[in-house]
Amino acid sequence: MEIRSPGSRQPAVDPARLPLQNLYHWEHEAAGRVFMTQPFAGGRTRDYTWRQTADEARRMAAHLAAQDWPPGSRIGILGKNSAGWIMADLAIWMAGHVSVPLYPMQAADNIRQIAVHSGMVACFIGKLDAVDLLAGLTPGIVRLALPLAPASVEAAAPRWDDIVAATLPVAGSPLRAGADLCSIIYTSGTTGQAKGVMHSFDSLTSGWLTVRRQLGISPTDRTFSYLPLAHIMERSALELGSLDGGCHLYFAESLDSFMADLQRARPTLFISVPRLLLKFQQGVLAKLPAPRLDRLLTIPVLGHFVRRKIQKGLGLDAARLCGCGSAPLSADLLRWYDRLGIRFVEGYGMTELASASHMTEVGPDSWGTVGRPGDGVDHRIDPQTGEVQVLSAGAALGYYLAPELTAELFTEDGWLRTGDKGEIDAAGRLRLIGRIKDNFKSSKGKYVAPAPIEHKLIQNPSLDACLVIGAGLNQPVGVVVLNEAAIARLPAARAEIEADLANHLQAVNATLDPHERLDYLVISTRAWTPENGMLTPTLKARRASIEKHFSAHIETWGKRNAPVVWEE
């Protein structure tokens, strides 16, 4: 298998910074210190020290090596975030194989496509909400049950704890070369079949090192892992970041216990996504309406007390820094958190760049941008298309078994094509305009970029999600989904919500050019989720699926000549 790309010509990473070397360093320097805290139902927890983590990974690596699979065999990890997930990844690497993370909320068909395409020989199975997706693992794939795996899996597959107890650890401290293939990370597939992004140990580590200096992670930090580890942002910032910085990594037990788990961890470094931060804000405002909160924050002593109480309620009272990625944060949301004393930086990147290539600085100067390039990263804008292009040591080796797609990923001079449209300001900060492929042309022949409009639209406190559609229409149309708090007020508050959203539409349209103005809003009470196909596993909108769902009714709704219509 040939894995060459322009990105692979970047300088190699210091071997001491690679993940296995980091593990052995902390095993030696801080053997008895807790590395991971795993919660269980009922409030029970288990701590894993650095010594225990390395020992269990070595024992599992010995078991994997005994199977006589060829070096570089692909082994999946399917399950929610856990200490077992991290140890499985380490064991796969120690044994000389390649890890293939799988999202624990995708359909069985998607898992089958990835399992077959990658040539997966085995799969670790961890905590799952439903076992029907396991149908995607073909019969020839060896199943291994991680701690917290469903009972049906534990009954039918070798259990992690049993293997560890019965297996002697692999000798010494196995190392992998930086140029070795480390992981194949399948994109979440917003527009079609997922692609297998290949990363070496060098490129995956480089993705983390681009932002390490800005995040400043250290052994005194506490982090909280709850976003899917199959996604590059969590994998880089939480797994690689914790291994590199030697910090204490906590996990969430379930959605019901999420806030209790977060409050137990009291992370000093917290990573999130805009969707969750918006929900946090809505939860606070449901208890303390905006006018009253604004008034309280202006009172010196009382304002400080209110800030600390909200920070503690969110589990962020010890957070020295919060990060956000996956999608841009609005300036209004950043300003709201800033007033509460919660400082955010935003990262911009993609799976093909091994996570973040850019990061903002704390403070309003960066709001509305994704910041400057990280360490060892350069950026430019294609003068013809406006596309953001990046040169980074974190660039992927290419797409697995797809040389034609790999060729399309890079320019002739070795820069990675992001597919995003943007502009660089005088201070060198990158401002995103939207995905080039998402921009559409109206029937008037005018191009519309939906992302900036959506960022304005989602600011209404009654909304959970939104999307702007309009290819071939005279004017774009906004589709909005009510949040739980707004839905709970129905049907009594239907007229009130209608009027509020009509006013919101008018305010948003006043900021847009004539060809961008929304003709009307469609209100839906049906949540968009990965399960119903409206969101990717990383909670990004599947634009094509949503447009297909609503497009059949656009003409009928438009004939009502109303600013707001309901999806009945």
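In the predicted model, strands β23, β24, β25 and β26 form an open, four-stranded sheet, arranged in that order and with mixed pairing. Its edges are occupied by β23 (463–469) and β26 (564–566), each of which pairs on one side only. From one strand to the next, the twist averages 25 degrees. At the β26 end of the sheet, this strand runs parallel to β25 (residues 521–524), and three bridges join the two. Within this pairing, Val-522 has Val-565 of β26 as its bridge partner. Helix α18 (residues 543–551) packs on the sheet, where it touches β23, β24 (477–482) and β25. The direction of α18 makes about 80 degrees with that of β23.

A helix–helix contact is formed by α11 (residues 290–297) and α12 (residues 300–313), whose axes come within 7 Å and cross at roughly 125 degrees. Angles of 65 to 115 degrees count as roughly perpendicular and those over 145 as roughly antiparallel; α11 and α12 are therefore oblique to each other. On the α11 side, the contact involves Leu-293, Leu-296 and Leu-297. These residues meet Leu-302, Gly-303, Val-306, Arg-307 and Ile-310 of α12. By class, the contact comprises six nonpolar residues, one polar residue and one charged residue. In an α-helix there are 3.6 residues a turn, so residues three or four places apart point the same way.

Helix α8 spans residues 232–245, and 14 of its 14 residues are buried, so the helix is largely enclosed by the rest of the structure. Just after α8, Gly-246 adopts a positive phi of about 70 degrees. Asp-244 lies within α8. Its relative accessibility is 6%, and because burial is assigned under 20%, Asp-244 counts as buried. The side chain of Asp-244 makes a polar contact with the side chain of Trp-208, at 2.9 Å. When neighbours within four places in sequence are left aside, the residues in contact with Asp-244 are Arg-17, Asn-22, Trp-26, Trp-208, Leu-209 and Arg-212. Trp-208 thus appears both in the contact list of Asp-244 and as its side-chain polar partner.

Conventions: Residues numbered from 1 in each chain as written. Heavy atoms only, no water. Pairing = 2+ DSSP bridges. Axes fitted to C-alpha atoms, helices over the stretch in contact; angles between N-to-C directions. Contact = heavy atoms within 4.5 Å. Parallel < 35°, antiparallel > 145°, perpendicular 65-115°, else oblique. Nonpolar A, V, L, I, M, F, W, Y, C, P; charged D, E, K, R; others polar. Buried < 20%, exposed > 50% of the residue type's maximum accessible area, 1.4 Å probe, protein only. Polar contact = N/O pair within 3.5 Å; in protein donor to acceptor, adjacent residues only side chain to side chain.
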